[in-house]
Amino acid sequence: MSYFSDIYNGIKTLLTGMSVTGGYFIRARKGSITQQYPDNRETLKMFDRFRGEVVMPHNENNEHYCTGCQACEIACPNGSIEIVWDRQVDPETGKKKKMIDKHIYHLGMCTMCSLCVEACPTDAIVWAQNYENSVYDRKYLTKVLNQPGSKVKAGIED
Amino acid sequence: MNIPLNITKTIHDWLFSIMPEGVATVTEWVIVAAAYLALFAVAGLYLVLLERKVAAWFQLRLGPNRVGPWGIFQTMADALKLVSKELTSNANIDKFLYNLAPYFVILSSLIAIGVFPFSRQFQALDINIGIFFLFAVSSIGVIGILLAGWSSNNKFAMIGAMRSGLQTISYELSVGLSMLTMVLLTGSLQLSEIIEVQRTGGWLILQGHIPAIIAFMIFMIAGTAETNRAPFDLVEAESELGAGFHTEYSGMKFAYFFLAEFINMFIIASIAVVLFFGGWLSPFGITDDITWFPETIWFVIKVLGIIFLMMWFRWTFPRLRVDQLLTLEWKYLLPINLVNLVLMAIIIWLNWTI
């Protein structure tokens, strides 16, 4: 008579399933898996390893740490980074030296894999903590990371 | 003596005092129709919201909480969006049937809602074949679904509609037979009469004990299948058929299907409440002595309880396959139901009811 045992087992397993989801329902208030969207933009502290977008920090003299070694450009798996560089005469030493003209970063192509930040020998590029990256035109996603008129900090290559 | 009684009676007397009888009757019809339409819209919108909230809690999520406090205006915003959207259609559809289908679905549920006794006086139409009428009207909805699938000229919609046809035809049998089991106990098809029977003898699920409980379980399973809700939502199985029979519908026509699904859930829950849980009667008569207490509240509380049970089913069980669906109906529910009907008859014959 597997007919009746099938009915019995069917109802039993259904009730087991319902007790599991019922437990979830009761515990849902305190144990939500999802989080509220962060509205407190001013006071919010994102966690340290959060990958918002790649930025190039500049110090107060408008100097960055990028030597133009192109390690990030080579490391990038999908060509999100382009470095426009040329050789200029260093005013201090009088020698010709490789200097970046533009550090171009395509946020639209970036997969936030962090290989460029890992590859950078001088920590010139780091991850920003912003999380609202949407724009109305994709041309705004192509960013020049070094500020206009900035130059490499002296002695960073040594 | 309760609030709905006073309001309806006052309005009735006032209308008949200020205008001739014929005009007053027509005005009353219009007022009742408007009230039921409003109830329909509000109930539909808030059931959608409730479903989304309950679903979120079952899945340990937060649910809609951005529009208004706790998201209570979310479905209003959705409805506004749907109203403002364009009504698109395909090139080779059957235009007449395509436009007709949503109205079949929504009208059938709107007609059915009219016969429910929300309280002693809050009932638009108390006909003596109430249960039979409900059963007949609520099965018209499937015509709308079949028409929608057929006229869309889309194979997914077509498959969804055909599945709906076989599902509804199969499960109507179980719904009808489980209703019939309870009608044996009450000896009446009139909804107000069915509730009056329960005033003295206790709720029918207690009166009929074992067969009533079996009938209730079968009714809940078959009722869930009737409303095309998960785990019986083969009709609009998203993973297989896109959106099933309403794949080609947009804007307000889609919203009609969507609202009708939730109103159908309300209807099935209301039938269950009337047939098994005493309708608007309070448990053990605890509020019978309080004159101002609206009986409608008990009705709504019970209906929400049943609806919660259906939502619990939906977010627990996986979707059935077509052959499993038919096996469940024809090999399990139907024989059990027939035996149950005989069992109920024997119990009434031997007077074993509580």
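**Exercise 1. Domains of chain A**

What distance separates the centres of domain 1 of chain A and domain 2 of chain A, taken over C-alpha atoms?

*Solution.* The structure is a predicted model. Step one is to find the domains: the domain assignment of chain A gives domain 1 as residues 1-34 and domain 2 as residues 54-152. Step two is to take the centre of each domain over its C-alpha atoms; these centres are 55 Å apart.

**Exercise 2. The contact of chain A and chain B**

Describe the interface of chain A and chain B by its residues and its buried area.

*Solution.* Begin with the residues. Chain A brings 22 residues to the contact, and chain B brings 21 residues. Next comes the area. The size of an interface is often stated as the accessible area that is lost when the parts come together. For chain A and chain B the buried area is about 1,800 Å², and carbon and sulfur atoms give 68% of it. Then ask which three residues supply more of the area that chain A buries against chain B than any other three. They are A:Tyr3, A:Met18 and A:Phe25, which supply 32% of that area.

**Exercise 3. Polar contacts and salt bridges**

Count the polar contacts and salt bridges between the two chains, and explain what the salt bridge joins.

*Solution.* First, the polar contacts: 5 residue pairs are in polar contact between chain A and chain B, with both residues at pLDDT 80 or more. On the side of chain A that touches chain B, 10 residues are nonpolar, 8 are polar and 4 are charged.

Second, the salt bridges. The structure holds 12 over all chains, and 1 is found across the interface of chain A and chain B. B:Arg66 forms a salt bridge with A:Asp39, with 3.2 Å between the closest N and O atoms. The rule allows up to 4 Å, so this pair qualifies.

Third, place the two residues. B:Arg66 lies in the loop between helix H2 (21-58) and helix H3 (74-84) of chain B, while A:Asp39 lies in the loop between helix H1 (2-27) and strand S1 (54-55) of chain A; the pair therefore joins two chains.

**Exercise 4. Strand pairing in chain A**

In which sense does strand S4 of chain A pair with S3(A) and with S6(A)?

*Solution.* Take S3(A) before S6(A). Strand S3 (residues 81-89) and strand S4 (residues 96-106) of chain A pair in the antiparallel sense over 9 bridges. A:Glu82 stands opposite A:Ile104, and A:Val89 has A:Lys96 as its bridge partner. The two strands form a hairpin with 6 residues between them. In the turn, A:Gly94 has a positive phi of about 80°.

Now turn to S6(A). S4(A) and strand S6 (residues 142-144) also pair in the antiparallel sense, over 3 bridges. Here A:His106 stands opposite A:Thr142.

Definitions and conventions: Residues numbered from 1 in each chain as written. Chains lettered and ligands numbered in written order. Predicted model: local features only at pLDDT ≥ 70, side-chain atom pairs only at ≥ 80, totals over all residues. Heavy atoms only, no water. Domains from an automatic or database assignment. Contact = heavy atoms within 4.5 Å. Buried area = accessible area lost by both parts, 1.4 Å probe. Salt bridge = Lys/Arg side-chain N within 4 Å of Asp/Glu carboxyl O. Polar contact = N/O pair within 3.5 Å; in protein donor to acceptor, adjacent residues only side chain to side chain. Nonpolar A, V, L, I, M, F, W, Y, C, P; charged D, E, K, R; others polar. Pairing = 2+ DSSP bridges. Helix = DSSP H or I, 4+ residues; strand = E, 2+ residues; numbered from the N terminus.
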